[in-house]
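This report introduces the structure shown below to a reader who has not met it before. The account begins with one helix and its surroundings, then turns to the sheet and to the contacts between side chains.

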Amino acid sequence: MKVSYSKWRWLLAPVAALTASAALAAPAALLNLPDFDALAGKATESVNISLDTSLLGLAAGFLDSSKPEDQATRELIAGLKGIYVRSFTFDEDFAYPAAQVELVRKQLAAPGWQRLVQTISTRDRTRVDIYVSVDRGIANGLAIIASEPRQFTIVNIVGSIDLAKLHRLEGKLGVPKLDLPAEGKDGKPEK
């Protein structure tokens, strides 16, 4: 059977328009992380966590729903599509490819990403950037990049994120302690 292009070309414009509008409407909150696997042999400590939707669901199954803290964590990860963490610690200063870490930071200049926090210490040679991806007023991604002479960490959380409740993920599923303020009874961060 021979398919004639002229019979189907009318469909190309609407499909292209839909694809383009979908791409513009939902900025990709999933970062393209370089392959850091070779660093594991050089590092004194390494963490490589990649939890997609199915693995998050599996991990949620291990949380005890009878415990209020675990139930709250289950509710929080229900809207997530992935948690990706790369963290490496070394015995020597800048034993990691700083240029690759900078390439990840450059992805956060894309439309939809907004910087929440940036701290830079020239004395300690440290830098921390925290970005949120927002689509139509809803946070759909979070990125944290922390680098210092002997360590770097990249955290990318993809999916619907309630920033007020994000502290519940600290120390769980590979998300490092962020020292975010805890939520008070009114749902606002405690001081």
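In this predicted model, the elements that cover the buried residues of helix α4 include β4, β5 and β6. The buried residues of α4 are Val101, Val104 and Arg105. Around the helix axis they span an arc of only 100°, which places them on the same side of α4. An α-helix has 3.6 residues a turn, so residues three or four places apart point the same way. On the face of α4 turned away from this buried side stand the exposed residues Ala99, Leu103 and Lys106.

**The sheet and its helices**

The sheet is open and consists of 6 strands with antiparallel pairing, in the order β1-β2-β6-β5-β4-β3. At its edges stand β1 (45–52) and β3 (113–121); each has a single partner strand, so one side of each is left without a neighbour in the sheet. From one strand to the next, the twist averages 5°. In general, strands of a sheet pair through backbone hydrogen bonds, either parallel or antiparallel.

The pairing of β1 with strand β2 (residues 80–89) is antiparallel and extends over 8 bridges. Within this pairing, serine 46 stands opposite phenylalanine 88 in β2. Helix α2 (residues 53–60) lies across β1 and β2 and runs at about 100° to β1. Helix α4 (residues 98–107) also packs on the sheet, where it touches β3, β4 (126–135), β5 (138–148) and β6 (151–159). The direction of α4 makes about 155° with that of β5.

**Salt bridges**

The whole structure contains 8 salt bridges. The table presents three pairs, with the distance between their closest N and O atoms.

| Basic residue | Acidic residue | Closest N and O atoms |
|---|---|---|
| Arginine 150 | Aspartate 93 | 2.9 Å |
| Arginine 105 | Aspartate 129 | 2.5 Å |
| Arginine 136 | Aspartate 135 | 3.7 Å |

What does the salt bridge between arginine 150 and aspartate 93 tie together? Arginine 150 lies in the loop between β5 and β6, and aspartate 93 in the loop between β2 and α4, so the pair ties together parts that are 57 residues apart in sequence. Arginine 150 is partly exposed, with a relative accessible area of 40%. Aspartate 93 is likewise partly exposed, its relative accessibility being 37%.

The salt bridge between aspartate 129 and arginine 105 links distant parts of the chain, since aspartate 129 belongs to strand β4 and arginine 105 to helix α4, 24 residues apart. Are the residues of this pair buried or exposed? Both aspartate 129 and arginine 105 are buried.

In the salt bridge of arginine 136 with aspartate 135, arginine 136 is exposed, with a relative accessible area of 69%, whereas aspartate 135 counts as buried at 16% relative accessibility. Elsewhere, salt bridges that share partners join Glu102, Arg105, Arg127 and Asp129 into one network.

**A contact at serine 121**

Serine 121 lies in strand β3, one of the strands at the edges of the sheet. With a relative accessibility of 19%, serine 121 counts as buried, because the cut-off for buried is under 20% relative accessible area. A polar atom of the serine 121 side chain lies 3.1 Å from the backbone nitrogen of aspartate 124.

Conventions:
Residues are numbered from 1 along each chain as its sequence is written. This is a predicted model: local features need pLDDT of at least 70, side-chain atom pairs count only at pLDDT 80 or more; totals for chains, interfaces and linings use all residues. Side-chain values use heavy atoms; hydrogens and water are left out. Two strands pair if DSSP finds at least two bridges between them. Helices (H or I, at least four residues) and strands (E, at least two) are DSSP runs, numbered from the N terminus. Axes are lines fitted to C-alpha atoms, for helices over the stretch in contact, and angles run from 0 to 180 degrees between N-to-C directions. Contact means heavy atoms within 4.5 Å. A salt bridge is a side-chain nitrogen of Lys or Arg within 4 Å of a carboxyl oxygen of Asp or Glu. Buried means under 20% relative accessible area, exposed over 50%, partly exposed in between (1.4 Å probe, protein chains only). A polar contact is a pair of N or O atoms within 3.5 Å; within protein, one must be able to donate a hydrogen and the other to accept it, and residues adjacent in sequence count only if both atoms are side-chain atoms. The arc is that of the directions from the helix axis to the C-beta atoms.
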